[in-house]
Amino acid sequence: MRHLTTLLLLFASLLARPAVALTWDEPWHEQVVKKADSFVLAKITASTGKGITATIIRTLGGRGLSGTIRITGFYLLDICSSSGGHGPEFYTGNADTCYFFLQQNTKGNYSIATPSTGFAAVKKANVVATYRHSYHQALVPQSVYEPTMTAIFRHYHGQEYDHASLARFLASALALPPARIDEAGMHTFFLQHVALETIYHVGLSKYYEQVLPFLHDTANFHARVSAARALTASNTPAAKQQLLQLLRDKDSGDFTKVIALQTLARYQPHELKPELTKLAAQASDESNGFGGNIMDPRVCTHLPTVKAAMTKLAESL
């Protein structure tokens with residue numbers, strides 16, 4: 001039971017970091033990847049609140065790096081509030097090896113996205129991984145993380161990746177029914193999370209049928225969110241109806257509905273304007289977000305209400 005509790009807390013991502021007066025709007029993972037110049041694995045040789053010194057083990061995508069580098073800044077830090085002159089600090093816990101998404105800064109050193117994202121710690125052949133948002137992390141084997149995240153990075157940066165290897169992993173992970181979030185199912189749940197989010201990032205449409213069981217898994221919030229994202233490339237009448245069904249479903253939470261609306265917005269479904277306008281009139285106007293600890297520095301990360309997101313989409317059509 002202790003193992004399960006640890007994994008559940010990991011996926012909720014309550015950061016094990018000191019409370020700080022600084023808060024920021026945390027970016028989604030695709031922003032982190034797209035804005036980075038390099039994706040590397042590196043060994044941390046020194047780490048303080050002011051910066052990280054690391055030795056490159058290998059470059060997996062983007063600009064090739066080698067030797068020892070200094071990480072001294074943040075390339076996507078959107079500060080919401082601060083007090084007492086306390087600036088942003090680096091914190092990687094006790095990790096000695098991390099994957100980093102790096103952007104070279106004006107000082108000739110390197111930056112990660114924010115103090116809480118843009119890196120993934122390696123712990124005993126597993127990776128504390130972000131595929132969606134740092135609020136929703138997963139613990140996955142390094143042998144899974146490295147090829148899938150390399151494919152994602154390389155896709156976003158117009159580089160080739162190993163399509164055959166990725167296809168084998170996706171087929172294997174999605175062949176099983178949606179896993180439960182319990183002691184027996186957690187490992188498979190994380191692998192399926194990786195598979196669905198990778199489909200979203202890489203923009204694959206051929207897994208439509210395999211994604212649907214996760215979209216209708218009302219007992220699993222995270223599976224439904226990932227499935228709604230994974231349908232982004234499946235711009236078909238059938239996919240539109242599946243997402244509309246989710247929007248009508250009283251068992252769908254507000255967070256899930258906003259994600260479904262983001263996918264529909266990518267479709268630009270002009271024919272659905274009357275239906276969306278009708279649904280918007282009755283949609284939830286309650287505040288929406290990631291939840292979590294109010295002392296978390298990412299506390300101002302924004303997500304619109306269902307009504308706001310649906311109204312905006314309907315008015316844009």
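Strands β2 and β3 form a hairpin, with two residues between them. This is a predicted model, so keep that in mind throughout. Strand β2 covers residues 38-48, strand β3 covers residues 51-62, and the two run antiparallel, joined by 10 bridges. To fix the register, take Lys43: its bridge partner in β3 is Thr55.

Strand β3 also pairs with β4, residues 68-74. That pairing is antiparallel as well, over four bridges. For the register here, Ala54 stands opposite Ile69 in β4. Again the two strands form a hairpin, this time with five residues between them. In that turn Gly67 has a positive phi, about 75 degrees.

Staying with backbone angles for a moment. Most residues other than glycine have a negative phi. Which residues here have a positive phi without being glycine? Ala125 is one, with a phi of about 70 degrees. Gln268 is another, with phi near 50 degrees. Where do they sit? Ala125 is in the loop between β8, residues 119-123, and β9, residues 126-133. Gln268 is in the loop between α9, residues 254-267, and α10.

Next, the helices. Two packed helices are described by the angle between their axes and the distance between the axes. I have two pairs to show, and α5 is in both.

The first pair is α3, residues 142-156, with α5, residues 186-202. Their axes come within 9 Å and cross at roughly 15 degrees. Angles under 35 degrees count as roughly parallel, and that makes α3 roughly parallel to α5. The crossing of α3 and α5 is left-handed. On the α3 side the contact is made by Val144, Thr148, Ala151, Ile152, His155 and Tyr156. On the α5 side it is made by Leu191, Val194, Thr198, Tyr200, His201 and Val202. How many residues of each class does this contact have? There are eight nonpolar and four polar residues, and no charged ones.

The second pair is α4, residues 163-174, with α5. Here too the axes come within 9 Å, but the crossing angle is roughly 130 degrees. The two helices are therefore oblique to each other. The crossing of α4 past α5 is left-handed. From α4, the residues in the contact are Leu166, Phe169, Leu170, Ala173 and Leu174. They meet Leu191, Gln192, Val194, Ala195, Leu196, Thr198, Ile199 and Val202 in α5. By class, that contact has 11 nonpolar and two polar residues, again with no charged residue.

If you put the two contact lists side by side, Leu191, Val194, Thr198 and Val202 of α5 appear in both.

Last item, the disulfide. The count comes to one. Which cysteines does it join? Cys80 and Cys300, with an S to S distance of 1.8 Å. The angle about the S-S bond is 70 degrees, and the link is right-handed. As for location, the pair links distant parts of the chain, 220 residues apart. Cys80 is in strand β5, residues 79-81. Cys300 is in the loop between α10, residues 273-281, and α11, residues 306-316.

Technical notes. Residues numbered from 1 in each chain as written. Predicted model: local features only at pLDDT ≥ 70, side-chain atom pairs only at ≥ 80, totals over all residues. Heavy atoms only, no water. Axes fitted to C-alpha atoms, helices over the stretch in contact; angles between N-to-C directions. Parallel < 35°, antiparallel > 145°, perpendicular 65-115°, else oblique. Left-handed = near helix turned anticlockwise from the far one by under 90°. Contact = heavy atoms within 4.5 Å. Nonpolar A, V, L, I, M, F, W, Y, C, P; charged D, E, K, R; others polar. Pairing = 2+ DSSP bridges. Disulfide = S-S within 2.5 Å.
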